[in-house]
Amino acid sequence: MLRTLLALCLLSVSTHAVDFYVDNVNGKDDHDGLSAVVADGHGPLHTINLALRKAGAGDTIHLADTGVMYRQVINLYEHPGGKEGAPLVIDGHGATLTGADVASPEGWQTYQGGTLKRQDLVGMVIIDGAFAEFLRPFNCLEPEEICYAPNFFKRLFFRFPEGKKPTDYTIEVGQPDGTSVTLDPASFQLSHSTIRGVMRYNGLQQPTWVKVDGVEKSLVKASDRLQAGQYTIEDDILYFMPPEGEWQARDIRVIVRANGVMMNGTTAWVTVRNVNVTLVSNDGFNIHGKVTNAEFYNCNAWDCGDEGFSSHDQCETLLDGAVYTNCDNGIANVNTHGWSITRNVDIRRSRSVGYLITTSTPDAWHTLENAIFVDNPSQISANYTKIDNVLILGTGGAPRTQALSLGPATEVNRATLAGNQDTIRLGEKTRLTLAKTVIGPDQGNIHLRTADPFSVWTLHDVRFAAGQKIEWGAKWPWTTKLIEEWLAEAAEAAIVTDCALHELTTEQILSGEADSGCSAELLDLWRARRE
């Protein structure tokens with residue numbers, strides 16, 4: 001009997017949920033973390049990951065929102081997480097994680113010609129909150145100059161003058177083992193350089209010397225070509241040409257942390273809420289491996305080097321409530337298996353795509369609900385995704401955007417497409433069901449990259465702007481028709497029902513006068529945030 005009571009007592013202690021507290025201003029890692037304030041022998045921790053090592057199923061880690069950004073990462077790599085009915089909870093209470101550290105003027109050393117360098121902080125440079133320009137070596141070549149870029153897949157780059165081609169030159173490269181290689185002109189490839197004429201050559205080690213038509217050439221280094229406000233990284237050294245003027249008074253930071261919140265492996269049953277992330281070189285929220293039952297509530301990110309949120313591999317995630325601005329992609333889920341549920345998000349001014357799903361197999365599925373997209377170059381690009389209740393808007397304050405670029409097994413319901421943007425782009429393999437949608441005026445042609453414009457989609461209760469055009473074809477030149485003419489033909493092909501034209505302005509659509517499209521509540525939310 002005594003043994004049974006003792007076992008029950010131990011069980012009750014081991015399963016009792018514990019609250020741990022972290023404070024990046026007042027916390028210390030020699031505290032026990034069991035109190036938000038220092039009192040009675042208890043006090044908050046300083047380091048989030050120390051709290052993670054203590055916490056398990058059913059426990060909650062609280063971050064104090066001190067007004068000072070956490071220069072830390074929430075790293076759940078290899079953490080088991082929680083369990084069903086008792087998740088591990090991380091509540092940020094509005095605290096912000098930053099990947100950037102201050103690059104004080106005293107930390108720089110002189111390199112040459114006004115260029116500075118440092119090795120203690122190496123990463124992306126931020127000047128007064130904006131990304132500085134990263135100078136790649138292949139973007140500063142003059143004609144007949146050559147560079148080697150170990151950080152870009154160990155490629156050699158040569159700038160061919162206008163009118164010249166690889167067969168016009170004999171280029172020899174010395175290798176570290178003492179051998180030399182005569183470059184095969186046929187092996188030169190087009191590069192991603194911003195300079196016309198720059199081509200790349202793969203498969204070489206760091207050259208010990210280079211000869212062009214028998215004349216030895218020096219390799220160009222980006223560190224020797226920096227202009228004001230630019231930076232580059234060579235051999236784990238950061239080189240920086242300060243902006244003009246009294247740069248010492250500017251807010252200069254260097255991004256030294258890749259992600260804000262990280263999960264990997266088989267972590268399961270984790271809830272993250274009220275956490276913000278900014279200025280990381282990769283993703284605000286980065287999920288890899290076979291993470292399951294990971295839920296994120298009110299988790300925001302801005303100014304990230306890559307995604308605001310990204311789920312990979314075989315992960316299963318729920319994201320409910322987020323604002324992502326000025327990330328490369330707001331959300332990019334690239335699962336091969338698993339699923340993602342995304343709802344109540346607002347994604348604006350991404351540098352590439354607002355919501356990106358690259359799944360190419362039915363083994364992964366995705367849903368997107370109640371979402372606002374504004375001025376993302378590509379607003380939504382997705383496969384194997386069900387989309388419901390979205391506002392997609394181009395304000396004209398950014399280069400012309402693409403509203404919907406869709407592939408196989410996609411459904412779009414209750415969408416409002418308005419403003420200055422191209423509307424819909426569908427590929428030959430697309431299978432789209434489009435319903436209860438309104439498409440405003442002042443937009444580009446609907447583009448179907450297929451010879452059969454009736455094979456890639458079906459439409460129900462869609463409202464098109466009068467005069468809207470549709471174009472299609474396997475290749476240029478495209479066949480183009482007014483949408484009213486095409487709808488008549490599509491009705492005969494039985495792929496449209498209850499579709500019609502409207503003469504509403506963009507302002508009328510955004511004020512809720514359309515009888516189709518996104519919900520009035522979503523329009524109200526957009527207006528409230530705009531104001």
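1. A handy term to begin with: two strands pair if DSSP finds at least two bridges between them. Please keep in mind that this is a predicted model. With that settled, strand β8 (residues 124–127) and β9 make a good place to start, as two bridges join them in an antiparallel arrangement. Across this pairing, I127 has A130 of β9 standing opposite.

2. Now step back to the sheet around that pair. β5, β21, β8 and β9 follow one another in this order in an open sheet of four strands, and their pairing is antiparallel. Its edges are formed by β5 (100–102) and β9 (130–131), each of which pairs on one side only. As general background, strands of a sheet pair through backbone hydrogen bonds, either parallel or antiparallel.

3. For the parallel sense, have a look at strand β33. β33 pairs with strand β31 (residues 353–357) in the parallel sense, over three bridges. Here L356 has S381 in β33 as its bridge partner. β33 also pairs in the parallel sense with strand β35 (residues 401–406), over four bridges. In that pairing A382 stands opposite L406 of β35.

4. Why is β33 described as largely enclosed by the rest of the structure? Residues count as buried when their relative accessible area is under 20%. Five of the five residues of β33 (residues 378–382) are buried, so the strand is largely enclosed by the rest of the structure.

5. Next, the nonpolar cores. The largest has 77 residues, and those touching the most other members are I74, F285, F296, I380, W457 and W486. Apart from this core lies another, of 16 residues, with L135, L141, A149 and Y239 among them.

6. I380 deserves a closer look. Leaving out residues up to four places away in sequence, I380 touches Y355, L368, F373, I387, I392, Q402, A403, L404, S405 and L406. One of these contacts, L406, is also the residue that stands opposite A382 in the pairing with β35.

7. Finally, the largest pocket, which holds about 290 Å³ of space. Which residues lie nearest its centre? They are Y148, P150, Q206, K221 and E234, out of 17 that line the pocket. Two elements, β11 (146–149) and β19 (230–234), give two or more residues to this lining. β19 gives the most, with three residues. By class, the lining has eleven nonpolar, three polar and three charged residues.

Note on methods: Residues numbered from 1 in each chain as written. Predicted model: local features only at pLDDT ≥ 70, side-chain atom pairs only at ≥ 80, totals over all residues. Heavy atoms only, no water. Core = buried A, V, L, I, M, F, W, Y, C linked by side-chain atoms within 4.5 Å. Buried < 20%, exposed > 50% of the residue type's maximum accessible area, 1.4 Å probe, protein only. Contact = heavy atoms within 4.5 Å. 1 Å grid on protein atoms, 1.4 Å probe; cavity = no way out; pocket = protein on both sides within 12 Å on 5 of 7 lines; lining within 4 Å. Points joined across faces, edges and corners; volume = space filled by probe spheres on them. Nonpolar A, V, L, I, M, F, W, Y, C, P; charged D, E, K, R; others polar.
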